Amino acid sequence: MNKKKVFNLAKGFRGRAKNCIRIARERVEKALQYSYRDCRNKKRDTRSLLIQRINADTRLHSVNYDNFMHGLMKENIQLNRKVLSELSMHEPLSFKALVDISRNAFLGNKNVVHPPRKISIPVSV
């Protein structure tokens, strides 16, 4: 890289890393390495977060994440995890409809339904 490009990339760095070419070149190269690595880590973390959100909402409807996704695959519903996560947060009725479709498509989902528990509160007299 030429000097002008290095200094443009080094804007905002602290100390001599912004105006001394030898140090700036080292810092810019390291910054680009971090950028490359962390771009992939961000994608990994985002996917993990989306799966956690979907799993939490499917468990509210008595289905776990794996069975839900398998049921959607069997029904050939091709929604990605980002869209499913947005539906679960902002459109709970639409998401419940998807859970019902998934439950009917995959037999493993049908035995998971548990009746709600009754909570008894002790009464002191």
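1. Leu-87 is a useful place to begin. Leaving aside residues up to four places away in sequence, Leu-87 touches Leu-79, Pro-92, Ser-94, Phe-95 and Leu-98. Leu-87 belongs to helix 4. Its C-alpha atom is separated by 9.2 Å from that of Ile-54, although Leu-87 and Ile-54 are 33 residues apart along the chain. The model discussed here is a predicted one, and the points below should be read accordingly.

2. On the overall architecture, the protein contains 5 helices and 0 strands. Along the sequence, the pattern reads α-α-α-α-α. Of the 125 residues in the protein, 22% are buried. Among contacts with a separation of 6 or more, 51% are between residues 24 or more positions apart.

3. Helix 2 spans residues 21–60 and so has 40 residues in the assignment used here. From its first C-alpha to its last, helix 2 reaches 58 Å, which is close to the 58 Å expected at 1.5 Å a residue. The buried residues in helix 2 are Ala-24, Val-28, Leu-50, Ile-54, Asp-57 and Thr-58. Their cover includes helix 1 (3–9), helix 3 (65–74), helix 4 (81–90) and helix 5 (92–105). The colleague inspecting the model may wish to view Ile-54, Asp-57 and Thr-58 together with Phe-95, since these three are among the residues that Phe-95 touches.

4. One charged side chain deserves a separate entry. Arg-40 lies over the face of Tyr-36, and the distance from the ring centre is 4.1 Å.

5. Helix 3 presents a list of buried residues of its own: Tyr-65, Asn-67, Phe-68, Met-69, Gly-71 and Leu-72. These buried residues pack against helix 2, helix 4 and helix 5. Phe-68 counts as buried because its relative accessibility is 0%, and the cut-off for that class is under 20%.

6. How many aromatic pairs does the structure hold? There is 1 aromatic pair. Phe-68 and Phe-95 form this pair, with 5.4 Å centre to centre and 50 degrees between the planes, and the arrangement is classed as tilted. The pair ties together parts that are 27 residues apart in sequence, because Phe-68 lies in helix 3 and Phe-95 in helix 5. The term tilted applies because an angle under 30 degrees would count as stacked and one over 60 as edge-to-face.

7. Phe-95 merits attention beyond the ring pair. This residue lies in helix 5 and is buried, with a relative accessible area of 1%. Not counting residues up to four places away in sequence, Phe-95 touches Ile-54, Asp-57, Thr-58, His-61, Phe-68, Leu-84, Leu-87 and Ser-88. For His-61, the C-alpha to C-alpha distance to Phe-95 is 9.8 Å, with their positions 34 residues apart in sequence.

8. How do helix 4 and helix 5 meet? Their axes are 6 Å apart and the packing angle is about 125 degrees. Helix 4 and helix 5 are therefore oblique to each other, since 65 to 115 degrees would count as roughly perpendicular and over 145 as roughly antiparallel. On the helix 4 side, Leu-84, Leu-87, Ser-88 and His-90 take part, and they meet Pro-92, Ser-94, Phe-95 and Leu-98 in helix 5. Leu-87 and Phe-95, already discussed, thus both appear at this junction.

9. Two backbone positions call for a check. Most residues other than glycine have a negative phi. Ser-62, however, has a positive phi of about 65 degrees although it is not a glycine. Ser-62 follows helix 2 and is placed in the loop between helix 2 and helix 3.

10. Which loop holds Asn-76? Asn-76 lies in the loop between helix 3 and helix 4, and it follows helix 3. Asn-76 is not a glycine, yet its phi is positive, at about 60 degrees. Is Asn-76 buried or exposed? With a relative accessible area of 55%, Asn-76 is exposed, as the cut-off for that class is over 50%.

Note on methods. Residues are numbered from 1 along each chain as its sequence is written. This is a predicted model: local features need pLDDT of at least 70, side-chain atom pairs count only at pLDDT 80 or more; totals for chains, interfaces and linings use all residues. Side-chain values use heavy atoms; hydrogens and water are left out. Helices (H or I, at least four residues) and strands (E, at least two) are DSSP runs, numbered from the N terminus. The expected span of a helix is 1.5 Å times one less than its number of residues. Buried means under 20% relative accessible area, exposed over 50%, partly exposed in between (1.4 Å probe, protein chains only). Contact means heavy atoms within 4.5 Å. Rings of Phe, Tyr and Trp (its six-membered ring) pair if their centres lie within 6.5 Å; planes under 30 degrees apart count as stacked, over 60 as edge-to-face and the rest as tilted. A charge sits over a ring if NZ of Lys or CZ of Arg is within 6 Å of the ring centre and within 35 degrees of the ring normal. Axes are lines fitted to C-alpha atoms, for helices over the stretch in contact, and angles run from 0 to 180 degrees between N-to-C directions. Angles under 35 degrees count as roughly parallel, over 145 as roughly antiparallel, 65 to 115 as roughly perpendicular and the rest as oblique.
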